Amino acid sequence: MKLTSTFVVIASVVTLVVASTASDVIADIKLITSGATALDNAVNAFPTTGGTLQGALTIHTDAQSLSTTIVKATTDAKNVSPKPFSASDASTVIKALQALEPVVTDVLKGVVVKKAALSALPIGGVVALVKQDLNLLSADTTALAAAVDAVMPADQVPAVTKIKNDVAAAFASAIAAYA
């Protein structure tokens, strides 16, 4: 009997640690927006000529940090309870994603515009590093979109799908520019 009680307590603690709420996901998306804005600022600050290795490393560091934030959001979305989101929470998530989308597309357009400047840096491998970051962020974003899709009420899935498709197309264009 005592052993059964111990397992129930352990299972309860694990559930408390793993379970997330819609509020957690909304907060995560706001953190993603902040991280994407930091990356956008780094990309925009990198000049079209005469850039520095430090500027390129700032772009890379911001991309890595953004990846970590997206992965956390994905984990939270996968562990949301209860599922699906309420209509109100779903609406809030969609609005947050709609606010994030133009920031992400601006980052991706900027990275394409800055490719020649990044290529001109006196140290090799910067373009390959940016391509690696693009692939990582694309995969992270796809995983997040799938996790969010899975917790949306059925009538809200098309809105998430549209955002997902638009962002995926922007990533595909940027990645193609670095092929």
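## Inside an all-helix chain

Let's start on the inside: sorted by class, the lining of the largest cavity has 18 nonpolar residues, one polar residue and two charged ones. Keep in mind as you look around that this is a predicted model.

How big is that largest cavity? Its volume comes to about 280 Å³. Its lining is made of 21 residues, and those closest to the centre are Leu100, Val104, Thr141, Leu144 and Val167. Try finding those five in the 3D view, and you'll have your eye on the middle of the cavity.

Which helices build the wall around it? At least two lining residues come from each of α2 (22–45), α3 (53–78), α4 (87–113), α6 (126–151) and α7 (157–177). Helix α4 gives the largest share, with six residues.

Now zoom out for a moment. The protein chain has seven helices and zero strands, so if you follow the sequence from start to end, the pattern simply reads α-α-α-α-α-α-α. Along the principal axes, the C-alpha atoms fill a box of roughly 70 × 40 × 25 Å. The chain has 179 residues, and 41% of them are buried.

Back to the empty spaces. How many cavities of 30 Å³ or more turn up in the whole structure? The search finds three. The second largest holds about 80 Å³ of space. Its lining includes Leu39, Ile59, Ala63, Val107 and Leu108, and also Val111, Val130, Asp133, Leu134 and Leu137. By class, that lining counts nine nonpolar residues, no polar ones and one charged one. Helices α3, α4 and α6 each supply at least two residues here, but this time the largest share, four residues, belongs to α6.

Next, a few individual residues. Ser67 belongs to helix α3. Is Ser67 buried or exposed? The cut-off for buried is under 20% relative accessible area, and Ser67 counts as buried because its relative accessibility is 7%. The side chain of Ser67 also has a partner: it makes a polar contact with the side chain of Asp140, at 2.4 Å.

Compare that with Pro102, which you'll find in helix α4. Its relative accessible area is 46%, so Pro102 is partly exposed. What sits 64 residues away along the chain from Pro102, with the two C-alpha atoms 9.9 Å apart? That residue is Asp166.

Prolines show up again in the loop between α3 and α4, where you can find Pro82 and Pro84. Here's some background for what comes next: most peptide bonds are trans. The bond from Ser81 to Pro82, though, is cis, with omega near 0°. Lys83 and Pro84 are joined by a cis peptide bond too, with omega at about -10°.

Last stop: the rings. How many aromatic pairs does a search of the whole structure find? The count is zero. Still, the ring of Tyr178 has something sitting over it, namely the charged end of Lys115, 5.4 Å from the ring's centre.

To retrace the route, you have walked through a chain of seven helices, looked into its largest cavity of about 280 Å³, and passed two cis bonds, one from Ser81 to Pro82 and one between Lys83 and Pro84.

Technical notes. Residues numbered from 1 in each chain as written. Heavy atoms only, no water. 1 Å grid on protein atoms, 1.4 Å probe; cavity = no way out; pocket = protein on both sides within 12 Å on 5 of 7 lines; lining within 4 Å. Points joined across faces, edges and corners; volume = space filled by probe spheres on them. Nonpolar A, V, L, I, M, F, W, Y, C, P; charged D, E, K, R; others polar. Phe/Tyr/Trp six-rings, centres within 6.5 Å; stacked < 30°, edge-to-face > 60°. Lys NZ or Arg CZ within 6 Å of the ring centre and 35° of its normal. Buried < 20%, exposed > 50% of the residue type's maximum accessible area, 1.4 Å probe, protein only. Polar contact = N/O pair within 3.5 Å; in protein donor to acceptor, adjacent residues only side chain to side chain.
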